[in-house]
Amino acid sequence: MNPVDEAIARYHSILETEPFGDLSWVERFHTALRARKLELGDRPISPFLRPHLLTREQYDGLVKGGQLLAGAVDQVRKMAMESPALMARMDLLPAERMLAAVNPGYKHFAVTGLLDTALTDGYMRFSDYSAETPVGVLYGEVLAEELYETGPVKEFRKSAKLTKLGGVKQLQAALLKAYKEFGGTHVPQVAILEMRHPFETLESREYHLLAENFSAHGLRAVIASPEQLEYRGGVLRKGDFVIDIVYRRIKTREFVVHFDPNQHALVRAYRDGKVCVVNSFRSDMAQKKAIFDLLTDPAVLAHFPAADRAAIRSLVPTTRVVSERMVAWDGEEEVDLPAFITANRERLALRPNDDTEERQTFVGAAMDQAGWERAVRTALRSPYVVQENVTPPSAKFPVYSYGSLDMKEMRVEVHPHVYMGKVQSASSWLTPAAGTFSTVTGITPTYLLETK
């Protein structure tokens, strides 16, 4: 049994001991979460009562692999901007291409980002790169602080050393560094920009708390929506609030569909170099699943050093934009792509090129052949990619629900947080291993399991 499995077994045995059997410690934990506004409606933001544990070796691997991938994605993005043929494979709208061409005023294409990672002992695969503001930074940090002081974790810490992973401090430092590169000379004011929604989501609640956290640490911040912005006299504002940094939570495609990108206050200020936008509009190129098509294309990989090519092949699943064509696949001879997808259902997944609620992901292993063939026809009509399916590992987690504690098998995705090209923290996201819809899903604290 490896050190993590041994630690998990020990933690679960602690939960079964007499001091913690009545679950009063859970009520105290949830009271502490409510006091820090970590709740959704009348329930805490996370139902899980065990942290996800990483060894130092695993975390160091995440850092090394994540930074390699972030750098590779940036290089591919630069290649695409210089090559119309590569750019065409990204499926960008004209307005997206126009905004991507604007220099943001700092060198990194993505100041913040995260990776979706399947991680086990001796195995690591990145299934997605999200060049946007990482969800879970504040929630994960506060959950880790509060769970650390609960009775079971204190008992566990008598025989094991746990290191909490932060995130908010690193995020704020990245914003300030980008602003300094942009040319800022004073303490900036920040607008966290998001669309107005008819109801408040878990994510939007986190960013209200993040604005409060920034303000409490000397960086005045407000929440704003695009229609609230004004640009006059070379200054971007929300009412009387002068904005130096826009911390953008709106995807470019969502923005250009709802607003005129040539006339909107944000774009005019951005073009004039009067506001530092984080992440820049060109970062959305990495949001496209097609970036992995380019990254695993032998012709594109040929531009990378041999060691990087080998690492990318081991870390990134083969991905191809779906169309009627012949393609190279994972070192094999060229294949007829639609026929290859149809014949290899159990090892593949079809994913929308853009994250959207309008198009669903199809996982071949979870479908019958007839349904898969319908999905292939759908993917041929819309911007989709086909990808080697990466299944996150699963583990049992104690879940609190309606006054009782149950053990549930959960899939675990580890999300390294990337700031200015460097992995500086991580969070963990749990979903039911059965793959069915459930409200038992969300973030759990992430600790490093160290040698004591």
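1. To begin at the N-terminal end of this predicted model, Glu 6 is a residue of helix H1, and with a relative accessibility of 42% it counts as partly exposed. Glu 6 does not stand alone, since Asp 5, Glu 6, Glu 57, Asp 60 and Asp 121 gather on the surface in a patch of negative charge. Two helices, H1 (3-15) and H3 (56-82), each supply at least two residues of that negative patch.

2. Asp 121, one of the residues of the negative patch, can also serve as a reference point for a part of the chain that lies much further along in the numbering. Val 386 is separated from Asp 121 by 265 residues in sequence, and their C-alpha atoms are 27 Å apart in space. Val 386 belongs to strand S19, which covers residues 384-388, and because its relative accessibility is 0% it counts as buried. Once neighbours within four places in sequence are left aside, the contacts of Val 386 are Thr 318, Thr 319, Arg 320, Val 322, Trp 329, Leu 337, Ile 341, Leu 348, Ala 349 and Leu 350.

3. Where along the chain does Met 420 lie? Met 420 is placed in the loop between strand S21 (404-419) and strand S22 (422-432), and although it is a loop residue, its relative accessibility of 7% means that it counts as buried. The C-alpha atom of Met 420 is 6.4 Å from that of Thr 112, while the two positions lie 308 residues apart along the chain. With neighbours within four places in sequence set aside, Met 420 is in contact with His 108, Ala 110 and Val 111, and also with Ala 174, Lys 177, Ala 178 and Glu 181.

4. Some backbone details deserve a careful look when the model is inspected. The peptide bond that leads from Val 278 to Asn 279 is cis, with an omega near -5°, and Asn 279 is found in the loop between strand S13 (276-278) and helix H12 (290-295). Asp 91, which is not a glycine, has a positive phi of about 60°; Asp 91 sits in the loop between helix H4 (84-88) and helix H5 (94-100), and with 29% relative accessibility it counts as partly exposed. Tyr 402 is likewise a residue other than glycine with a positive phi, here near 50°. The position of Tyr 402 is in the loop between strand S20 (394-401) and S21, where, at 84% relative accessibility, Tyr 402 counts as exposed.

5. Turning to charged pairs, side chains of opposite charge can pair when their charged atoms come close. How many salt bridges does a search of the whole structure find? The search finds 22 of them. One salt bridge joins Arg 232 to Glu 230, with 3.4 Å between the closest N and O atoms; Arg 232 is partly exposed at 43% relative accessibility, and Glu 230 is also partly exposed, at 39%.

6. Another salt bridge is formed by the side chains of Asp 284 and Arg 248, at 2.6 Å from N to O. Because Asp 284 lies in the loop between S13 and H12 whereas Arg 248 lies in strand S12 (residues 245-248), this pair ties together parts that are 36 residues apart in sequence. Both Asp 284 and Arg 248 are buried. Asp 284 is also touched by Thr 252, whose other contacts, not counting residues up to four places away in sequence, are Glu 96, Leu 99 and Phe 281. Thr 252 has its place in helix H10 (residues 252-258), and with a relative accessible area of 1% it is buried.

7. The side chains of Asp 293 and Arg 325 meet in a salt bridge as well, with an N to O separation of 3.7 Å. Asp 293 lies in helix H12 and Arg 325 in the loop between strand S14 (319-321) and strand S15 (326-329), so this pair ties together parts that are 32 residues apart in sequence. What are the relative accessible areas of the two partners? Asp 293 is buried, with a value of 0%, whereas Arg 325 is partly exposed, with a value of 25%. Through salt bridges that share partners, Arg 89, Asp 293, Asp 297, Arg 320 and Arg 325 are joined into one network. Arg 320, a member of that network, is also among the contacts of the buried Val 386 described above.

Methods. Residues numbered from 1 in each chain as written. Predicted model: local features only at pLDDT ≥ 70, side-chain atom pairs only at ≥ 80, totals over all residues. Heavy atoms only, no water. Patch = residues over 30% accessible without salt bridge, like charges linked within 9 Å, V, L, I, M, F, W, Y side chains within 5 Å. Areas by Shrake-Rupley, 256 points an atom, 1.4 Å probe, with all protein chains shown as cover. Salt bridge = Lys/Arg side-chain N within 4 Å of Asp/Glu carboxyl O. Lys, Arg positive; Asp, Glu negative; His and termini not counted. Charge placed at Lys NZ, Arg CZ, Asp CG, Glu CD. Helix = DSSP H or I, 4+ residues; strand = E, 2+ residues; numbered from the N terminus. Buried < 20%, exposed > 50% of the residue type's maximum accessible area, 1.4 Å probe, protein only. Contact = heavy atoms within 4.5 Å.
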